[in-house]
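Me: I am new to this structure. Please walk me through it, one short question at a time.

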Amino acid sequence: DVLSDRRAPDYAANLDLSVHFVANDHSEGVRPVVTVINKGKEVVSMLAVRVAALDARKVPVREWTEVVATPIAVDDDWRGPLMPGATRHVVLSSWRNFPADKAETLSAAPEISELRVWQPKQSAGTPLSVTANRQQ
């Protein structure tokens, strides 16, 4: 039942979403970090976030979409559902064309672009019976 979910834009009020930029210690560059806290009581089965990185003048310098929650966890890109009360940090690849000292001057404008919550399957009541036709 991993695909048993519903689109729930109103549930965004239960999510704290932030993006910040850190200097990459291993090489020159800046690394974006997306953080989401699920303050509600629902399981988030799909969450896609559109982010614009803004320079010190608030001019967009880069944009991307990051999938933060997915119905199942498979690999780095399929991070799995976000449980109630959970905090998720998504650390992205370094941007080598931004010097590390620019991390403090960058800000972000995140936007939730897809939000779905898990919906348990409803009991169907009495099971259907199937009868076979017999040929005599």
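Me: How many helices and how many strands does the protein have?
Reply: This is a predicted model, where local features need pLDDT of at least 70, side-chain atom pairs count only at pLDDT 80 or more, and totals for chains, interfaces and linings use all residues. Residues are numbered from 1 along each chain as its sequence is written, and side-chain values use heavy atoms, with hydrogens and water left out. Helices (H or I, at least four residues) and strands (E, at least two) are DSSP runs, numbered from the N terminus. By that rule the count is zero helices and seven strands.

Me: Which pattern does the protein follow along the sequence?
Reply: Helices are absent, with a count of zero. Reading along the sequence therefore gives strands, as DSSP runs. The pattern is β-β-β-β-β-β-β.

Me: What percentage of the residues is buried?
Reply: Buried means under 20% relative accessible area, exposed over 50%, and partly exposed in between (1.4 Å probe, protein chains only). The protein has 136 residues. The buried part is 35%.

Me: In which order do the three strands of the open sheet stand?
Reply: Two strands pair if DSSP finds at least two bridges between them. Here the pairing is antiparallel, in the order β2-β3-β6.

Me: Why is one side of β2 and of β6 left without a neighbour in the sheet?
Reply: Look at the ends of the order β2-β3-β6. There stand β2 (15–23) and β6 (87–91). One side of each has no neighbour because each is an edge strand with a single partner strand.

Me: How many bridges join β3 to β6?
Reply: Strand β3 covers residues 30–38 and runs antiparallel to β6. Ile37 stands opposite Thr87 in β6. The bridges joining β3 to β6 number five.

Me: Is Thr35 buried or exposed?
Reply: Thr35 is found in strand β3. Its relative accessibility is 9%. So Thr35 counts as buried.

Me: Which side chain does the side chain of Thr35 join in a polar contact?
Reply: A polar contact is a pair of N or O atoms within 3.5 Å; within protein, one must be able to donate a hydrogen and the other to accept it, and residues adjacent in sequence count only if both atoms are side-chain atoms. Contact in general means heavy atoms within 4.5 Å. Beyond its neighbours within four places in sequence, Thr35 is in contact with residues including Asp16, Leu17 and His89. The polar contact, at 3.1 Å, is with His89.

Me: In which order do the four strands of the open sheet stand?
Reply: This sheet is antiparallel in its pairing. Its edge strands are β1 (5–7) and β5, each pairing on one side only. The order is β1-β7-β4-β5.

Me: How many bridges join β4 to β7?
Reply: Strand β7 covers residues 107–118 and is joined to β1 by three bridges. Arg116 in β7 has Arg7 opposite and Met46 opposite. β4 and β7 run antiparallel, and the bridges joining them number 10.

Me: Over how many bridges do β4 and β5 pair?
Reply: Strand β4 spans residues 44–54. Leu54 has Pro60 in β5 as bridge partner. The two strands pair in the antiparallel sense, and the number of bridges is eight.

Me: Which side chain makes a polar contact with the side chain of Glu66?
Reply: Glu66 lies in strand β5 (residues 60–69). Its relative accessible area is 12%, so Glu66 is buried. Among its contacts beyond four places in sequence are Leu47, Val49 and Val90. The polar contact, at 3.2 Å, is with Arg79.
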